[in-house]
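Let's take a walk through this one together. Have the sequence and the 3D view open, and we'll start at a turn before stepping back to the rest.

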Amino acid sequence: MSQLLQQAQRMQEQLLSAQQDITEAEATGSAGGGLVRATVTGAGELTDLQLDPSVVDPDDVETLADLIIAAVRDAHAEIQRRANEQLGSINADVAGLLGGAGGAGNPLAGLFGGGAPGAPGAPGAPGGAQDTIRGEIEGDERPSGQGS
């Protein structure tokens, strides 16, 4: 039993370290064949945006906006890919520790907001973030945290 607890503690330390690494990581995405480049952190902060002068057309602002959005999405996808890669081995360790009973395929699925629908605290679930926000917006008198 103590070995199991030690292994769980090591995995928790690995997870915390991986989360910190991911938060501090930066990724650059591009669109328009590299004419627009966006750099984001693992925490989702846009830290740099580079525009080739050829895409700046005052008569076609919509295309520029679309390219910026695509570049930011590309950078976010790269961060997510890195997170999945980095957390993959920890995920496998957790599944092994749980004897393969890691839930719906991915014991760490909710780590970055991708929790299973209906899970406690998940958006859309009773007590979840959307429920609390909806209550506050609609003037619901329920105390925060009590979902429908």
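## The hairpin turn

Strand 1 and strand 2 form a hairpin with 4 residues between the strands, and Gly 32 in this hairpin takes a positive phi near 65 degrees. Keep in mind that you're looking at a predicted model.

Where does Gly 32 sit? You'll find Gly 32 in the loop between strand 1 and strand 2. Is Gly 32 buried, partly exposed or exposed? With a relative accessible area of 39%, Gly 32 counts as partly exposed, because that label covers values between the 20% limit for buried and the 50% limit for exposed. If you look across from the turn, the C-alpha atom of Gly 32 is separated by 9.2 Å from that of Ile 68, with the two residues 36 apart along the chain.

## The sheet around it

The hairpin belongs to an open sheet of 3 strands, ordered 1-2-3 and paired antiparallel. Strand 1 (26-31) and strand 3 (46-51) are the edge strands, each pairing on one side only. On average, neighbouring strands of this sheet are turned by 15 degrees against each other, direction ignored.

Now for the pairings themselves. How many bridges link strand 1 and strand 2? There are 6 bridges, in the antiparallel sense. Strand 2 (residues 36-41) also pairs antiparallel with strand 3, over 5 bridges. Val 36 is a handy residue to click on: Val 36 is the bridge partner of Ala 31, and in strand 3 the bridge partner of Val 36 is Leu 51.

## Two faces of strand 1

Which side chains of strand 1 are buried? Follow strand 1 along and the side chains alternate. Ala 27, Gly 29 and Ala 31 point to one face and are buried. Glu 26, Thr 28 and Ser 30 point to the other face and are not buried.

## Stepping back to the whole chain

Zoom out and the protein chain has 3 helices and 3 strands. Reading along the sequence gives the pattern α-β-β-β-α-α, so one helix comes before the strands and two come after them.

As for burial, 21% of the 148 residues in the protein chain are buried. The accessible surface of the chain comes to about 9,600 Å², with 52% of that belonging to carbon and sulfur atoms. Finally, take the contacts in the chain with a separation of 6 or more: residues 24 or more positions apart account for 43% of these.

Note on methods:
Residues numbered from 1 in each chain as written. Predicted model: local features only at pLDDT ≥ 70, side-chain atom pairs only at ≥ 80, totals over all residues. Heavy atoms only, no water. Pairing = 2+ DSSP bridges. Axes fitted to C-alpha atoms, helices over the stretch in contact; angles between N-to-C directions. Buried < 20%, exposed > 50% of the residue type's maximum accessible area, 1.4 Å probe, protein only. Contact = heavy atoms within 4.5 Å. Areas by Shrake-Rupley, 256 points an atom, 1.4 Å probe, with all protein chains shown as cover.
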